Amino acid sequence: MSGPFALYVWVAYGISLCALALTVVVTLTAYHKAKRAIKDLETKP
Amino acid sequence: MFEYANPKRFMDASARLLPWLCLAAAAALIAGLWLALTAPPDYQQGVTVRIMFLHVPAAWTAMMAYGLMALASIIGLINRHPLADVAARTAAPLGAVFTALGLATGSLWGRPMWGAWWVWDGRLTSFLLLLLIYLGYIALGNAIEDETRAARACAILAIVGAVNLPIIHFSVVWWTTLHQGDSILRPGGPAIAPVFLWPLLLMATGFTLLFFVLWIIRIRTEILARRARVLMLRQTG
């Protein structure tokens, strides 16, 4: 991609993909943490 | 729908649905991104037209998320379904992310096309207000310790804030704005060429499916966290 405004396009895609990837990672981390907490509590004597 | 408001049934049904939803979201996003990045430059906007394939789906998803949050709030307030409050509260951060993305990509498009990062016109201002409502909603939920009171206060804020949705939608009709009017959902059909319409629709589908995937995972997380709290109380008490 070239042209005078290509940088704006790359920045827009970079920001969007990073933000969405970060949202996915944060969501999945919280989910696995909650799953592990339940597992630990259920196996606790 | 109310049948799945039972947390146990929701967990079972969502576990079966999630893999398919993930696959559909990934497929739509990959195909959408491919078409978006290979779309030809517009004769007026040049390559900046490709920002539209992010900006418009992000804005749509942000508004849809708010609509769903307000609907869940109404159900939570009237019917007291156990999952309605959880659904509303978990949708807010996702809605805020999509709103922020809509604003950021709009700004990145506005600078080369309008010559300004920001203008205080009806559409932009009402959309900024949507972000502030989302942030206010999240802050209110975190500020009140009692879960029932927090859910009620948040539900009222979400329902009152829903007034902003038609304002955003009709802002380009009611006021003279720099923001362009409707070009897809308009009488007479879409006003944009198929070569731009397809990546836009695919990206919109991808963003919508991604929102639902993340929303379902967040609801499942909250259900598990609440169950963990109960188990912990039982073990300590």
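The following paragraphs describe the two chains of a predicted model, the interior of chain B and the contact between the chains.

The secondary structure of chain B consists of seven helices and zero strands, so that its elements, read along the sequence, give the pattern α-α-α-α-α-α-α. The C-alpha atoms of this chain occupy a box of roughly 70 × 35 × 30 Å along the principal axes, and 40% of its 237 residues count as buried. Among the contacts in chain B with a separation of 6 or more, 77% join residues that lie 24 or more positions apart. Chain A, by comparison, has one helix and zero strands; its C-alpha trace spans about 65 × 10 × 5 Å along its principal axes, and 18% of its 45 residues count as buried.

Within chain B, helix H1 (residues 7-38) comprises 32 residues and reaches 44 Å from its first C-alpha to its last, which is close to the 46 Å expected at 1.5 Å a residue. The helix is nevertheless bent by about 35° at Leu17(B), and a proline, Pro19(B), follows within four residues of that position. The buried residues of H1(B) are Phe10(B), Ala25(B), Ala28(B), Leu29(B), Gly32(B) and Ala36(B), and they pack against three helices of chain B, namely H2 (49-78), H3 (82-114) and H7 (194-236).

The largest nonpolar core has 74 residues, and those with the most contacts inside it are Met69(B), Ala88(B), Ala91(B), Leu210(B) and Phe211(B). The elements that contribute two or more residues to this core are helix H1 (6-43) of chain A and, from chain B, H1, H2, H3, H4 (122-143), H5 (147-161) and H7. The largest share, 19 residues, is supplied by H7(B). The surroundings of Ala91(B) give a local view of this core: when residues up to four places away in sequence are not counted, Ala91(B) touches Ala65(B), Leu68(B), Met69(B), Ala72(B) and Trp215(B). In soluble globular proteins, nonpolar side chains tend to be buried together.

The contact between the two chains takes 25 residues from chain A and 27 residues from chain B. By class, the side of chain A that touches chain B has 19 nonpolar, four polar and two charged residues. The contact may be read together with the composition of the core, to which helix H1 of chain A is one of the elements giving two or more residues.

How values were computed
Residues are numbered from 1 along each chain as its sequence is written. Chains are lettered from A and ligands numbered from 1 in the order in which they are written. This is a predicted model: local features need pLDDT of at least 70, side-chain atom pairs count only at pLDDT 80 or more; totals for chains, interfaces and linings use all residues. Two residues are in contact if their C-beta atoms, placed from the backbone, lie within 7 Å. Ala, Val, Leu, Ile, Met, Phe, Trp, Tyr, Cys and Pro count as nonpolar, Asp, Glu, Lys and Arg as charged, and the others, Gly among them, as polar. The expected span of a helix is 1.5 Å times one less than its number of residues. The bend at a residue is the angle between axes fitted to the seven residues ending there and the seven starting there. A residue is buried if 20 or more other C-beta atoms lie within 10 Å of its own, exposed if 12 or fewer, and partly exposed in between; C-beta atoms are placed from the backbone. A nonpolar core is a set of buried Ala, Val, Leu, Ile, Met, Phe, Trp, Tyr and Cys residues joined through C-beta atoms within 7 Å.
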